[in-house]
Amino acid sequence: MPLSANNPDRTSWLHVDKHSDFPIQNIPFGVFLTRDDIITIGTRIGDTAIDLGALHQLGYFKGIPLTDDIFLQDTLNDFIADGRKTWRLVRDRIAEIFDAENNTLKNNIEHKKIVLFRLDEIEMQLPIQVGDFTDFYSSIEHAKNVSKMLDYAEVDKDLPKNWLHIPLGNHGRSSSIIPSGIPVNRPLGQSLANDGSHTPVFGPSKAIDFELEMAFVTTDANDLGESIPVEEAEEYIFGLVLLNDWSARDLQKWEYAPLGPFLAKNFASSISPWIITLDALEPYRVEGLKVIETQLPYLKSKGKKSFDINLEVAIQPKGAKETVVCKSNFKYMYWNMSQQLAHHTVNGCPVNSGDLMGSGTISGPTTESCGSMIELTWKGENPLKMSDGSEREFIHDNDTVIMRGYCEKDGTRIGFGEVSTKLLPVYKK
Ligand code: CA
């Protein structure tokens, strides 16, 4: 089935700025609250939000097998469960409706009034009800940096000795996944003081960090007991978002052994509100990193399964301009999404529509490409300078952390927009 929505020569009758993340070739999916206080599923072209529920009611998706209320829902879960064939038919139809050559909606003033919104008339919501959240640990440079910092005893090639054999991950909490724009409170918790003491203290975390990640959203994939072969895994991936997996390093250091992170990681994880489909990212496939250690057959992946997605993180102190502190790329992942999903299901663990799978912090080979403060400042030893002259070892109260991502090739740019989150002081009633 050709991906006609990806046609790079197509232009839209809606205005799209030259450097927009959302040209007509993107067609992401999201959920928003309209100016009339109605929740709907929508897409976006340039700076215009499009109500897909209204478009469907007006008959624009005729001929595509969709239930009447598929876009009149609070989440994308049911639409995602319809599967890849339906996603493609819908994306292709949206591209046709908004094609510069198509006058049907363009010339219908009444319909346009119902369907189109300016961005300041809508409020983006969480696009999915996340059933389960898994966070991987698949960037090799990040894993090496953490191994060095924590001084692991059991290392091989600067990595935990299982790392080159298993796409390691852990289960997170879906209850604290929030969309861009929702602030996060500094968490309270236990930590050890730096004076060699063995008795923990309780109080606000003193080391709040971001983790630059991407996450993929799955459709219903397998039944209990069944596994997904690595070469079929992409069939079950709907799309990707940016993910800031907030972390409290001082809490993490005290609690992580022997079972791994717990409260240091589950107080908040922020995602960008538009899901960019895997189909839209098709032109940006690249070879993955060189395989260092022979992988078990169920993990062997062929072809271009990595994606060239430019990523950056900025910190904006209260009342000041933002400072970009990190530039990284999704292509730095050692384990790709297909391998992650094949591994996740190899024991028969079911994956459902609306599950979210984080990549793990994405760090590249240079200092500037490190995807967390603990790496960028090397445990706080080398603070970062902000544009207002202040310094950061970790994130301060009232700082806003902004992550952005985009792909660009042959003049077409497909972007993710941003995930922007303000850190507030400790919660007070
Ligand atoms: Ca993480």
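The following exchange goes through a predicted model of one protein chain.

Trainee: What are the ground rules for numbering and for values in this model?
Mentor: Residues are numbered from 1 along each chain as its sequence is written, and side-chain values use heavy atoms, with hydrogens and water left out. The model is predicted, so local features need pLDDT of at least 70 and side-chain atom pairs count only at pLDDT 80 or more, while totals for chains, interfaces and linings use all residues.

Trainee: How many helices and strands are there in the protein chain?
Mentor: Helices (H or I, at least four residues) and strands (E, at least two) are DSSP runs, numbered from the N terminus. On that basis the protein chain has 8 helices and 28 strands.

Trainee: Which radius of gyration does the protein chain have, and why does it agree with a compact globule?
Mentor: The radius is taken over C-alpha atoms, and the globule rule is 2.2 Å times the number of residues to the power 0.38. For 429 residues a compact globule would come near 22 Å, so the chain agrees, with a value of 22 Å.

Trainee: What share of the residues in the protein chain is buried?
Mentor: Buried means under 20% relative accessible area, exposed over 50%, and partly exposed in between (1.4 Å probe, protein chains only). Of the 429 residues, the buried share is 55%.

Trainee: Which strands stand at the edges of the open sheet with the order 11-28-27-22-23?
Mentor: This sheet has 5 strands with mixed pairing, where two strands pair if DSSP finds at least two bridges between them. Each edge strand has a single partner strand, so one side is left without a neighbour in the sheet; the two are strand 11 (184-185) and strand 23 (323-329).

Trainee: Which residue of strand 28 is the bridge partner of Asn185?
Mentor: Strand 11 and strand 28 (residues 412-424) pair in the parallel sense over 2 bridges. The bridge partner of Asn185 in strand 28 is Leu424.

Trainee: Is Ser420 buried or exposed?
Mentor: Ser420 lies in strand 28. Leaving aside residues up to four places away in sequence, Ser420 touches Ser180, Gly181, Thr400, Val401 and Ile402, a contact being heavy atoms within 4.5 Å. Because its relative accessibility is 17%, Ser420 counts as buried.

Trainee: Which strands do the buried residues of helix 7 pack against?
Mentor: Helix 7 (residues 337-345) is mostly covered, with 8 of its 9 residues buried, among them Met337, Leu341 and His344. The buried residues of helix 7 pack against strand 6 (133-136), strand 9 (169-171), strand 15 (212-218), strand 16 (237-244), strand 21 (306-307) and strand 24 (356-358).
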